[in-house]
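Let's work through a few exercises together, one small step at a time. Keep the picture in view as you go.

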Amino acid sequence: MTTTAGFLVVPPLDLTPGTLLVAVGPGASGKSKYAVTAAAVDVVVCLDSLRREIGGDAGDQSVTPAAVERQNALLERYLSTGTTVFLECCSLSSRCVH
């Protein structure tokens, strides 16, 4: 990894099909940007988007259990078919990380 103008530059990834790549970090840290530019990624699953889809607000922790259930179903479906998945989440309380 190198830095350019204060930004970390992650080299292109050479991932085996069916790989799960997980990114957790603060908002605006570049997770989504990297996900859409990572050529090795087939699909992006975003816990924040699932919370928005289910409860109308990406930061609504009260719908996290339902969002995680949906996330896990998607992960099982994608990974069982050899799809390389980028899983990202931002608005996650420390309690949910465990």
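Accessible areas here come from the Shrake-Rupley method with a 1.4 Å probe. The model you are looking at is predicted.

**Exercise 1.** Find how much area the chain exposes, and what share carbon and sulfur atoms supply.

*Solution.* Start with the total: the chain exposes about 6,200 Å². Next, take the share: carbon and sulfur atoms supply 57% of that area. Now turn to the inside: 29% of the 98 residues count as buried, where buried means under 20% relative accessible area.

**Exercise 2.** List the elements of the chain in order from the N terminus.

*Solution.* Begin by counting: the chain has four helices and five strands. Then walk along from the N terminus, and you read β-β-β-α-β-α-α-β-α.

**Exercise 3.** Work out which elements supply at least two residues each to the largest nonpolar core.

*Solution.* First, look at the members: this core has 11 residues, including Val 43, Leu 50, Leu 74, Tyr 78 and Cys 89. Second, place them on the elements: strand 4 (43-46), helix 2 (47-55), helix 3 (64-80) and strand 5 (85-89) each supply at least two. Third, pick the top contributor: helix 3 gives the most, with four residues. Finally, note that another core of five residues lies apart from this one, with Ala 23, Ala 38, Val 41 and Phe 86 among them.

**Exercise 4.** Which residues does Cys 89 contact, leaving aside neighbours within four places in sequence?

*Solution.* Set those neighbours aside, and Cys 89 is in contact with Ala 23, Val 24, Gly 25, Lys 31, Leu 47 and Asp 48. One of these, Leu 47, is also a member of the largest nonpolar core, as is Cys 89.

Methods
Residues numbered from 1 in each chain as written. Predicted model: local features only at pLDDT ≥ 70, side-chain atom pairs only at ≥ 80, totals over all residues. Heavy atoms only, no water. Buried < 20%, exposed > 50% of the residue type's maximum accessible area, 1.4 Å probe, protein only. Core = buried A, V, L, I, M, F, W, Y, C linked by side-chain atoms within 4.5 Å. Contact = heavy atoms within 4.5 Å.
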